[in-house]
Amino acid sequence: KRPGDLPPGPTPLPLIGNIPALFGGDLLQVSRNLRKQYGDLYSLSLGPYWIVFVNGYDLLKEAFVKNADVLSDRPDTFSIKVLSERRGIVSSNGHRWKGQRTFALAALRVFGFGKRSMETKILEENKNFIEILEKENGKPMGLAGLINRSVSNVICSITVGKTFSYDDEGFTQAVNLVGEEISNPYGPLVDMLPFLQYVPGDMFLIKRSFKNKAILEQAVKEEIEEHRQTLDENDARDFIDAFLLEEMKHKEEEGTDFEDDQLQFTILDLFAAGTETTSTTITWAVLFLMQNMDIQEKMHEEIENVVGSNRQATLTDKTDLPYCNAVITETQRLGNIVPLSLFHMATEDLVLENRRIPKGAIVIPVLDSVQNDEKNFPNPEKFDPTRFINNEGKYCNQDKIMPFSLGRRVCLGESLARMELFLFLTSMVQNLSSYHQWENSHPQQSEVSALHMDRFHLMCDVFLGDVCLST
Ligand code: HEM
């Protein structure tokens, strides 16, 4: 039974709680439907958890910024506790999380986060990527996989100190396995209903997850060992080296978090979070630009006027390219690749809007409610970059969306992701002046705004597989 002071929601049934509410589609659809009925704050009773959904810009700020002390932990779910062993950055809590996140941010800055040296690496990777596209000129090709590997090379250059050829088998396998895991449609379900892990067979892809985890862990272990053999105490080449040197400083300390297992999970976190998200956003942009040739031409014209065609756009051009910035922000709004962010947990009872969020509840920041807020974005399903251009032609309103979430758990890679989105997309539009529209059938708007990452991957394979690029 739902206690009267909890956020409202459908009446839980004996034994099965609110499981029937999940039959309404994927979790995003379920949340959207519940919001229509219950407003910005509602809850479901699933398995051992109360699940609380927080919607709307102001309430999200109140919950995850003002009450960050209570809402910054990750819950005790299957993926956090069993698959990720509460290690790394994404899945750890408390002292470990704070220490590891602080160390990672500092080390990543040394290796280029937010710096010109990073820009050079991205531009270099971009050049390789465009060269491949040019070689394929005029032929049908699948773009999504190529974008994925190219973006992944950027994070690899900082974490393991090298980039890989796009046909490297091990690299391609790692990128694909991470993609498979992130887009596993059953992940949130098993997290909320942990008894599903005991269902015989592999209907919920749990065995597959363990197999993928073992392959990825082995690959990272080998990288760490290779680094250890060639480590120079006076010259850290990349994130792994920096961590190994930190390990040496802490080796006498009992219970230290600076040890190989932790490093392994952090590398996997950075690899997964740094690859899939940014490349998926770039692929969304390509899709939107294919559907809106006028917008593509406008973006191209702006780049031509400001940058010309003899050099790549750089970050110093950013303020002079308001329309390009607007296209990217609108892509993040409508592409909306992490609509329910990641799960948080209430570490204490907390009162929001006069309702109690109980200690131990899973709390979901519904970023989708901000990205699709009709008050700020009329006709939210329409791709319209001018939402982010003011009367003077300047870029504006970018703070009205929060694709990187908010509060203490805000995306650690935001600065890198923003650099990559700008440099990749301006370079693609500059060099490949026309993405032909997919001619066989125009995607329905409702399909385009299907925000679920998993469905999105399928769509890309279909759409981009049939596209010809021409210079
Ligand atoms: C367009 C690209 C990206 C988007 C939209 C995005 C979005 C997000 C979101 C929504 C979260 C969850 C925040 C929360 O718990 O409320 C997150 C966490 C995280 N992101 Fe990103 N991200 C992107 C790129 C990156 C990149 C390039 C990196 C690489 C370094 C990265 C690393 C992380 C990490 C490590 C976390 C976990 C933070 C923590 O738990 O403290 N992300 N991201």
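**Reading a predicted model: pocket, cavity, rings and iron**

User: How do the residues of the lining of the second largest pocket divide into nonpolar, polar and charged?

Analyst: In this predicted model, the lining of the second largest pocket holds 14 nonpolar, four polar and four charged residues. About 440 Å³ of space lies in this pocket, and of the 22 residues that line the pocket, Phe 164, Ala 174, Ala 219, Val 220 and Glu 223 are the closest to its centre. Of these, Phe, Ala and Val count as nonpolar and Glu as charged.

User: Which helix gives the most to the lining of the second largest pocket?

Analyst: That helix is H10, with seven residues; helix H7 (144-159), helix H8 (169-182), helix H10 (206-229) and H12 each supply at least two residues of the lining.

User: What makes a space a cavity and not a pocket, and how many cavities of 30 Å³ or more does a search of the whole structure find?

Analyst: A space is called a cavity because a 1.4 Å probe fits there but cannot get out, whereas a pocket is open. The search finds two cavities of 30 Å³ or more, and the second largest cavity holds about 40 Å³ of space. Its lining, with Trp 284, Gln 332 and Pro 403 among its residues, has three nonpolar, five polar and no charged residues. Helix H14 (322-335) and helix H12 (260-291) each supply at least two of them, and the largest share, three residues, comes from H14.

User: Why is the pair of Phe 103 and Phe 239 called edge-to-face?

Analyst: The ring centres are 5.9 Å apart and the planes stand at 65°; rings pair if their centres lie within 6.5 Å, and planes over 60 degrees apart count as edge-to-face, so both conditions are met. The pair links distant parts of the chain, with Phe 103 in helix H5 (residues 94-110) and Phe 239 in helix H11 (residues 239-249), 136 residues apart. The structure holds 13 aromatic pairs.

User: How do you know that Cys 411 counts as a donor of the iron atom of the ligand?

Analyst: Its SG atom lies at 2.3 Å from the iron, and S atoms within 2.8 Å of the metal count as donors, so Cys 411 qualifies. Cys 411 is the only protein donor of that iron atom, and its place is in the loop between helix H15 (368-371) and helix H16 (414-431).

User: Where does pLDDT stay under 50?

Analyst: It does so over residues 436-471, although the mean pLDDT of the chain is 88 and 90% of its residues reach 70 or more. Where pLDDT is low, the predicted coordinates should not be read in detail. For the complex, the predictor gives an ipTM of 0.99 and a pTM of 0.92.

Definitions and conventions. Residues numbered from 1 in each chain as written. Predicted model: local features only at pLDDT ≥ 70, side-chain atom pairs only at ≥ 80, totals over all residues. Heavy atoms only, no water. 1 Å grid on protein atoms, 1.4 Å probe; cavity = no way out; pocket = protein on both sides within 12 Å on 5 of 7 lines; lining within 4 Å. Points joined across faces, edges and corners; volume = space filled by probe spheres on them. Helix = DSSP H or I, 4+ residues; strand = E, 2+ residues; numbered from the N terminus. pLDDT = per-residue confidence, 0-100. Contact = heavy atoms within 4.5 Å. Donors = N, O, S within 2.8 Å, 3.2 Å for Na, K, Ca; no water. Phe/Tyr/Trp six-rings, centres within 6.5 Å; stacked < 30°, edge-to-face > 60°.
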